[in-house]
Every structure is written in structure tokens, then in C-alpha cells.
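Work through these short exercises with the model open beside you. Try each task before reading its solution.

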Amino acid sequence: MNPEPAKPNNDWYHDDCPTCRQLKAAGIEMHAHDDNEPESISVTVTYSLALQEITGKAIESMTIADGAPFMYLLLDIFEAYPEIQNHYPPGTVSMLVNDEPPTEDYVMRSGDTLALRVFKKEIQ
């Protein structure tokens with residue numbers, strides 16, 4: 001008789017691993033660490049005055065997995081600051097990577113800057 005396969009659990013996740021955070025946010029249940037793990041990169045995120053009221057900062061550096069798409073960074077931001085989505089529904093916050101609108105599959109690169117700006121009023 002074959003042993004039952006291991007079931008996914010949160011023990012596979014490491015809070016300090018950008019890849020783990022991104023996979024968990026994307027709903028992927030399991031991730032094993034190995035020597036082929038992508039390197040981490042640092043990107044800069046800037047916030048408009050309205051968003052600074054939520055984040056408490058104008059600018060911050062975030063670490064993500066090298067090769068991570070723009071959407072993973074956005075998920076990290078919304079996970080860190082869920083109030084952004086509570087106050088500003090889709091379509092009220094503009095996003096620029098290096099002063100250009102990113103595509104959903106844009107791959108973030110070390111040194112990129114993501115600017116988040118509110119261009120419509122928040123939900124009351």
C-alpha cells in the first residue's frame with residue numbers, strides 16, 4: 001500500500017520569502033524551497049497624498065521575487081494595506097511603472113518604481 005501524499009499546509013510558507021507571499025496571495029497552496037528559488041529584487045512604491053493617509057508613508061521599498069509580474073506586487077500592496085481597496089474601488093487608483101501604464105503581465109525589474117495615485121474620490 002502506498003502512503004498517503006502529504007497535504008498542503010501553511011508550514012510551506014515563509015513570511016520572509018517574497019515568492020511564498022505572492023504564491024499564497026494567488027491561492028497556490030504549496031511551495032517548496034530549493035536552490036532554484038528566484039532571487040529577490042527591490043522596487044520602489046510611491047503613494048499620492050490621499051494614499052499616504054492609509055499607508056503612513058510617501059515612498060517605500062518592497063522586495064519581490066525576480067521575474068514576478070506587476071500583479072504580484074499589486075497583491076502584496078493590497079495585502080499590506082487592505083484599506084486601499086476598502087476606500088478606493090477598482091478604477092479609482094492609477095498605477096504607473098516607470099511613468100508608463102503597466103500591463104497585467106509586465107515583469108517587474110530591480111529598480112522599477114510603481115506610482116499609485118488616486119484620481120477619483122473615495123467611497124463614503
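The exercises below concern a predicted model.

**Exercise 1. Overall layout**

Find how many helices and strands the protein chain has, and in which pattern they follow each other.

Solution.
- Step 1: Count the elements. The protein chain has four helices and four strands.
- Step 2: Read along the sequence. The pattern is α-β-α-β-α-α-β-β.
- Step 3: Check the burial. Of the 124 residues, 31% are buried.
- Step 4: Look at the exposed surface. It comes to about 8000 Å², and carbon and sulfur atoms supply 52% of that area.

**Exercise 2. The sheet**

Work out the strand order of the sheet, and say which strands stand at its edges.

Solution.
- Step 1: Trace the order. The four strands run β2-β1-β4-β3 in an open sheet with mixed pairing.
- Step 2: Find the edges. β2 (59-65) and β3 (93-97) each have a single partner strand, so one side of each lacks a neighbour in the sheet.
- Step 3: Check the twist. Neighbouring strands are turned by 25° against each other on average, direction ignored.
- Step 4: Inspect one pair. β1 (residues 40-47) and β4 (residues 113-118) run parallel and are joined by four bridges. Thr-46 stands opposite Ala-115 in β4.
- Step 5: Add the helix. α3 (residues 70-80) lies across β1, β2, β3 and β4, at about 125° to β2.

**Exercise 3. Thr-55**

Decide whether Thr-55 is buried or exposed, and list what it touches.

Solution.
- Step 1: Place the residue. Thr-55 sits in helix α2 (residues 49-55).
- Step 2: Apply the cut-off. Buried means under 20% relative accessible area. Thr-55 has 9%, so it is buried.
- Step 3: List the contacts. Leaving aside neighbours within four places in sequence, Thr-55 contacts Tyr-47, Tyr-81 and Ile-84.
- Step 4: Find the polar partner. A polar side-chain atom of Thr-55 lies 2.8 Å from the backbone oxygen of Lys-57.

**Exercise 4. The salt bridge**

Locate the salt bridge, and compare the burial of the residues Lys-57 and Glu-60.

Solution.
- Step 1: Search the whole structure. One salt bridge turns up.
- Step 2: Name the pair. The side chains of Lys-57 and Glu-60 meet at 3.6 Å, N to O.
- Step 3: Recall the principle. Oppositely charged side chains can pair when their charged atoms come close.
- Step 4: Compare burial. Lys-57 is partly exposed at 31% relative accessible area, whereas Glu-60 counts as buried at 15%.
- Step 5: Link back. Lys-57 uses its side chain for Glu-60, while its backbone oxygen lies 2.8 Å from the side chain of Thr-55.

Methods: Residues are numbered from 1 along each chain as its sequence is written. This is a predicted model: local features need pLDDT of at least 70, side-chain atom pairs count only at pLDDT 80 or more; totals for chains, interfaces and linings use all residues. Side-chain values use heavy atoms; hydrogens and water are left out. Helices (H or I, at least four residues) and strands (E, at least two) are DSSP runs, numbered from the N terminus. Buried means under 20% relative accessible area, exposed over 50%, partly exposed in between (1.4 Å probe, protein chains only). A polar contact is a pair of N or O atoms within 3.5 Å; within protein, one must be able to donate a hydrogen and the other to accept it, and residues adjacent in sequence count only if both atoms are side-chain atoms. Contact means heavy atoms within 4.5 Å. Two strands pair if DSSP finds at least two bridges between them. Axes are lines fitted to C-alpha atoms, for helices over the stretch in contact, and angles run from 0 to 180 degrees between N-to-C directions. A salt bridge is a side-chain nitrogen of Lys or Arg within 4 Å of a carboxyl oxygen of Asp or Glu. Accessible areas come from the Shrake-Rupley method with a 1.4 Å probe; for residues, only the protein chains shown count as cover.
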